[in-house]
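Biologist: Could you take one residue as a starting point and look closely at its surroundings? After that, I'd be glad to hear how other parts of the chain are put together.

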Amino acid sequence: MKSSATRDSILEMLRKKQSCVSGEYIAGELAISRAGVWKHIRALKDSGYVIESHKKQGYKLVSPPFSQRFATGLETAYIGRELSYFETVESTNTIAKDMASSGCGDGTVVIAKEQIGGKGRLGRQWVSPIDCGLYMSIVIRPEIATSSAQKISVPLIMSIVFALEDIGVQAKIKWPNDVVCAGKKLCGILMEMRADMDSVEYIILGIGLNIRTPADAVCDPLLKDAIALDKLKDEKTDEAVIAAGICNRFESTMEALKCRDFDIGFLLDGYRKRCITLDKDVFLESNGQKHGAYAMDIDENGALIIKKDDGTMQKVLAGDVSVRGSKTYV
C-alpha cells in the first residue's frame, strides 16, 4: 500500500472514533509495524492535522488542517480562494506585498500561525504569538482612485465587526482602525498599497485578531490594553472559521460597494452606531502634535470630523485618537 493510501486509511479510522485508536489496532488493520504507524501519524501532523497522542490509549484526531477548515466555511467567489498558510512569518503583509508585486490574484489571502515581526500602524509592533491570534492579509485590486483608497478601511472594519457579531461578539470601533470590546483592543487593521497618482495597483489589508490570551499576557506591557475572544466567549473560537467569516462578509460588502461606485454612505450609519470615538471629547495625536478636540462625525471618505478646542473644524484621515478622561484603551 502506498504511503498516501496508508495515511488516508489511518485518517478514516481516526475519524470514525471520537475516542483514541490504539497504535496496535492500526498496525494490525494495515499490516504495518507500530513504528510505521508512528511515522505516518507524524507525517499527518506535519501536513496540518491536529492529532493527540495518549499513552496506553493511542491517537485521537482533534481537527483537520487549517486550509480544510477555512475552505469549509468559505462562501466567496474570489476572496480567500487563493490561500497561502504559514507556520511562522516575519509579517503576513510583507509576504502579501511580495505576492501582489508578482501578480497574485485579486482576493489572495495570506495567514500565519505566528508573526515574529508583526506590524501595526505608525510603525508600531503588533504582538503575534503562536496559536494566539488570527494574523491575516488580503490582497485586493480595486478599480478605485488613489485619492479614495483610504475609505476601504471602512468596509473592512465593518466586515470584521459583522463577522464577530455572527459568532455572538458585540464589538465596537475605535477610529480609525481598531475593534474594541470591554474597553480593550480586540483587533487592528493595517492598510498598505501600491499606487500612482491616479490609480491603485493593489491594496494589502492586514488583520490582527486576538483569539486566545497568551500565557505571559499579564507580564507583557504591550498586551495590557488587549483582550482576546477567549475572554469574551465560553466556546472556543477556531481561527479558520472566523477567517472564513471575515472573508465572506468582506466580499459581500465590497461587491455592494462596487455597485455604488465605492460610495461608503450605506455603511456609515452602522459605523457611527458602533464607533466609540464619536460624540466624545478627545485628544488627537498627529504629526507629532497633540490637540484637544470634540469628535463630531465620520465623512464620506472615512475621515473623522473634529471641532478643535480653539473652535476650528477639521477633517482628519489619520492619527491617534483617545477619549479624554478615559482610563481604558479607548
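Modeller: Happily! Let's begin with leucine 284, which is found in strand β10, residues 280-286 (strands are DSSP runs of E with at least two residues, helices are runs of H or I with at least four, and both are numbered from the N terminus). Before going further, please keep in mind that this is a predicted model, where local features need pLDDT of at least 70 and side-chain atom pairs count only at pLDDT 80 or more, while totals for chains, interfaces and linings use all residues. Residues are numbered from 1 along each chain as its sequence is written, and side-chain values use heavy atoms, with hydrogens and water left out.

Leucine 284 counts as buried because its relative accessibility is 2% (buried means under 20% relative accessible area, exposed over 50%, and partly exposed in between, with a 1.4 Å probe and protein chains only). Setting aside residues up to four places away in sequence, leucine 284 touches Gln289, Lys290, His291, Ile306, Val316, Gly319, Asp320 and Val321, where contact means heavy atoms within 4.5 Å. Leucine 209 makes a useful reference point: 75 residues separate leucine 284 from leucine 209 in sequence, and their C-alpha atoms are 24 Å apart in space.

Step back along the chain from β10 and you reach aspartate 279, in the loop between α8 and β10. This aspartate has a phi near 60°, a positive value in a residue other than glycine. Most residues other than glycine have a negative phi, and most peptide bonds are trans. Aspartate 279 counts as exposed because its relative accessibility is 54%.

On the far side of that loop is helix α8, residues 265-274, whose buried residues are Leu267, Leu268, Gly270, Tyr271 and Arg274. These buried residues pack against α6 (153-166), β6 (172-174), α7 (239-259) and β11 (289-298). One of those partners, β6, leads to another backbone feature: proline 176 has its place in the loop between β6 and β7 (178-181). The peptide bond from tryptophan 175 to proline 176 is cis, with omega near 5°.

Now for a second region, around helix α3. The 13 residues of α3 (residues 34-46) should span 18 Å at 1.5 Å a residue, and the end C-alpha atoms are indeed 18 Å apart, which agrees (the expected span is 1.5 Å times one less than the number of residues). Gly36, Val37, His40, Ile41 and Leu44 are the buried residues in α3. Viewed down the helix axis, the buried residues of α3 fall within an arc of 135°, so they line one face of the helix (the arc is that of the directions from the helix axis to the C-beta atoms). On the other side of α3, Ala35 and Asp46 are exposed. The cover over the buried residues of α3 includes α1 (3-16), α2 (23-30), β1 (50-54) and β2 (58-63).

Both flanks of α3 hold a positive phi. In the loop between α2 and α3 sits alanine 31, with a phi near 55°, again positive in a residue other than glycine. Alanine 31 is exposed because its relative accessible area is 71%. Just after α3, glycine 48 takes a positive phi of about 115°.

Helix α3 also takes part in a pocket lining: α3, β2, α4 (66-73) and β3 (83-89) each supply at least two residues of the lining of the second largest pocket. Of the 27 residues that line this pocket, Val50, Ser63, Arg69, Asp131 and Glu239 lie nearest its centre. By class, the lining has eight nonpolar, five polar and 14 charged residues (Ala, Val, Leu, Ile, Met, Phe, Trp, Tyr, Cys and Pro count as nonpolar, Asp, Glu, Lys and Arg as charged, and the others, Gly among them, as polar). Arginine 69, found in helix α4, counts as buried because its relative accessibility is 17%. Beyond residues up to four places away in sequence, arginine 69 touches Ser63, Pro64, Asp238 and Ala240. A pocket, by the way, is an open set of points on a 1 Å grid over the protein atoms alone, where a 1.4 Å probe fits, with protein on both sides within 12 Å along at least five of seven lines; lining residues have an atom within 4 Å of a point.

Finally, the whole chain: there are eight helices and 14 strands, and 49% of the 330 residues count as buried.
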